[in-house]
Amino acid sequence: VQLQASGGGLVQAGGSLRLSCAASGRSHIRYDMGWFRQASGKEREFVAHISWSGGSTYYRDSVKGRFTISRDGAKNTVYLQMNSLKPEDTAVYYCAASTRRPTSTAQVMDVIEYAYWGQGTLVTVSS
């Protein structure tokens, strides 16, 4: 599976961006998908997760109510709509696919659960 993330850029605080993650390869298989981010000098952290069916989502506390993860099965694409952006959201954002279909919140937040990763897209939020 190859993942291609896009949609990052520079935005002012309070603005919005929509990230996309297009999957190719074994795209006939539905994977659980996640978005992670890594700020400069910090560890990669979980942002959002969506189940293979799209019926379940989960977010880190700091983005709840501001970010929305969704997927379009026909396009093999996962999205992350980010609203009310804050300077602390500045990071490289990565999409990832899990073949293990994690079932607990601890699992969906763990990078180990995700076997495939996109190349990352930079989001910069200015104050």
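## The disulfide

Cys 21 and Cys 95 are joined in a disulfide (a pair of cysteine sulfur atoms within 2.5 Å), with their sulfur atoms 2.1 Å apart, and the structure, which is a predicted model, holds one such bond. The torsion about the S-S bond of Cys 21 and Cys 95 is about 65°, so the disulfide is right-handed. Because Cys 21 belongs to strand β3 and Cys 95 to strand β9 (strands being DSSP runs of E, at least two residues, numbered from the N terminus), the pair ties together parts that are 74 residues apart in sequence.

Both Cys 21 and Cys 95 are buried, that is, under 20% relative accessible area with a 1.4 Å probe and protein chains only.

## The nonpolar cores

A nonpolar core is taken here as a set of buried Ala, Val, Leu, Ile, Met, Phe, Trp, Tyr and Cys residues joined through side-chain atoms within 4.5 Å. The largest has 27 residues, of which Trp 35, Leu 80, Met 82 and Tyr 93 touch the most other members. Among the elements that give two or more residues to this core are β1 (2-6), β3 (17-24), β4 (32-38) and β8 (77-82), while β9 gives the most, with four residues. A second, separate core of five residues includes Phe 36, Phe 46, Val 108 and Tyr 114.

## Contacts of Met 82

Leaving aside residues up to four places away in sequence, Met 82 touches Gly 15, Ser 16, Leu 17, Leu 19, Arg 66, Phe 67, Tyr 93 and Val 123, where contact means heavy atoms within 4.5 Å.

## Basis of the values

Residues are numbered from 1 along each chain as its sequence is written, and side-chain values use heavy atoms, with hydrogens and water left out. In this predicted model, local features need pLDDT of at least 70 and side-chain atom pairs count only at pLDDT 80 or more, whereas totals for chains, interfaces and linings use all residues.

Technical notes
Buried < 20%, exposed > 50% of the residue type's maximum accessible area, 1.4 Å probe, protein only.
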